[in-house]
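Student: I am new to this structure and would like a close look at a single part of it. Could you take me slowly through the empty space enclosed inside, and then through a place where two helices meet?

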Number of protein chains: 2
Amino acid sequence: MTHVEADAELPIIWITREFQAAPGRLLRAHTDPDLFARWIGPDSLQTRIEHWDARTGGSFRYVSIRGGEEYAFYGSFHQIRPDRLVQTFTYEGDPEAVALNTLWFDDLGDGRTRLRTRSLVDSFETRDGWLRSGMEIGLRDGYDKLERMLSDEAG
Amino acid sequence: MTHVEADAELPIIWITREFQAAPGRLLRAHTDPDLFARWIGPDSLQTRIEHWDARTGGSFRYVSIRGGEEYAFYGSFHQIRPDRLVQTFTYEGDPEAVALNTLWFDDLGDGRTRLRTRSLVDSFETRDGWLRSGMEIGLRDGYDKLERMLSDEAG
């Protein structure tokens, strides 16, 4: 259900998934720190928000924890719009790499949304390294949690 | 002296110029709002800073003015390091386009710095549109002003 694809022409990862929730609820799940921490990342990790200022020109930092290990991520909210979220993203364990992520919340009607993410990096080497890193597991686990969270809210 | 090049493989514009100033002074010219407003853009424009928070996770917005016309630009400072500045950039007249700009301040010794900018966008169409827009004139004018400003400070 989560579709992950390497772009043929550019160092981009495309990620698509449909949710049974209106676009505004998807946006909120990406901008409200308490909601975001509940679903982001693989099942085996817990997330602690260190800094969160979700507005155009704001920024974030969070830490994912498994046992004694911590993985930190940070970035900026370049733009937050009802239909689009543009943000930068760096994993501090690979500090030179920066992704420019654009998320679109496509309204499918009937309370459904297609979430499309385009993750653009500066080289195919970086892009392919991310794909090999197991990011898909984290994505699929995270979106499954997000789906359950949206379903619980609605129910 | 200002070298502008379209990348052959990726939707990137590479911009290179050497300056008679140490890296720290180049970084300051890009992060101090009063200094930045003095040199950015073509000679025919004046720049007014609307918002400026130059730190990792901060953001900016400025307006360039020619007669009664105003052109607004905004973005985020993803990361500020002594050797590297990573920021996003959008011209509000073309609101869908977002560039991820990385500036490196290469220390050449003897008080000289090579400023290298990599401007990455999401398509060749956007990249080529920017190159056709006359951005080179603004770049060259701006860097000439920056060179004079650095020279005046030193003298």
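Tutor: What follows looks at the enclosed space and then at one pair of helices. Please keep in mind throughout that this is a predicted model.

When the whole structure is searched, one cavity of 30 Å³ or more is found, and the largest cavity has a volume of about 50 Å³. Its lining is drawn from both chains, with Glu96(A), Ala97(A), Val98(A) and Asp122(A) on one side of the list and Arg84(B), Val86(B), Leu100(B), Thr102(B) and Arg118(B) on the other. The elements giving two or more residues to this lining are strand S6 (84–91) and strand S7 (99–109), which belong to chain B. Sorted by class, the lining of the largest cavity holds four nonpolar, one polar and four charged residues.

Turning to the helices, helix H1 (residues 23–31) of chain A and helix H4 (residues 135–154) of chain A have axes that come within 12 Å and cross at roughly 120°. Because of that angle, H1(A) counts as oblique to H4(A), and the crossing in which H1(A) passes H4(A) is right-handed. On the H1(A) side the contact is made by Arg25(A), Leu26(A), Arg28(A), Ala29(A) and His30(A), while H4(A) contributes Leu146(A), Met149(A), Leu150(A), Glu153(A) and Ala154(A). By class, this contact of H1(A) with H4(A) comprises six nonpolar, one polar and three charged residues.

Terms used. Residues numbered from 1 in each chain as written. Chains lettered and ligands numbered in written order. Predicted model: local features only at pLDDT ≥ 70, side-chain atom pairs only at ≥ 80, totals over all residues. Heavy atoms only, no water. Axes fitted to C-alpha atoms, helices over the stretch in contact; angles between N-to-C directions. Helix = DSSP H or I, 4+ residues; strand = E, 2+ residues; numbered from the N terminus. Parallel < 35°, antiparallel > 145°, perpendicular 65-115°, else oblique. Left-handed = near helix turned anticlockwise from the far one by under 90°. Contact = heavy atoms within 4.5 Å. Nonpolar A, V, L, I, M, F, W, Y, C, P; charged D, E, K, R; others polar. 1 Å grid on protein atoms, 1.4 Å probe; cavity = no way out; pocket = protein on both sides within 12 Å on 5 of 7 lines; lining within 4 Å. Points joined across faces, edges and corners; volume = space filled by probe spheres on them.
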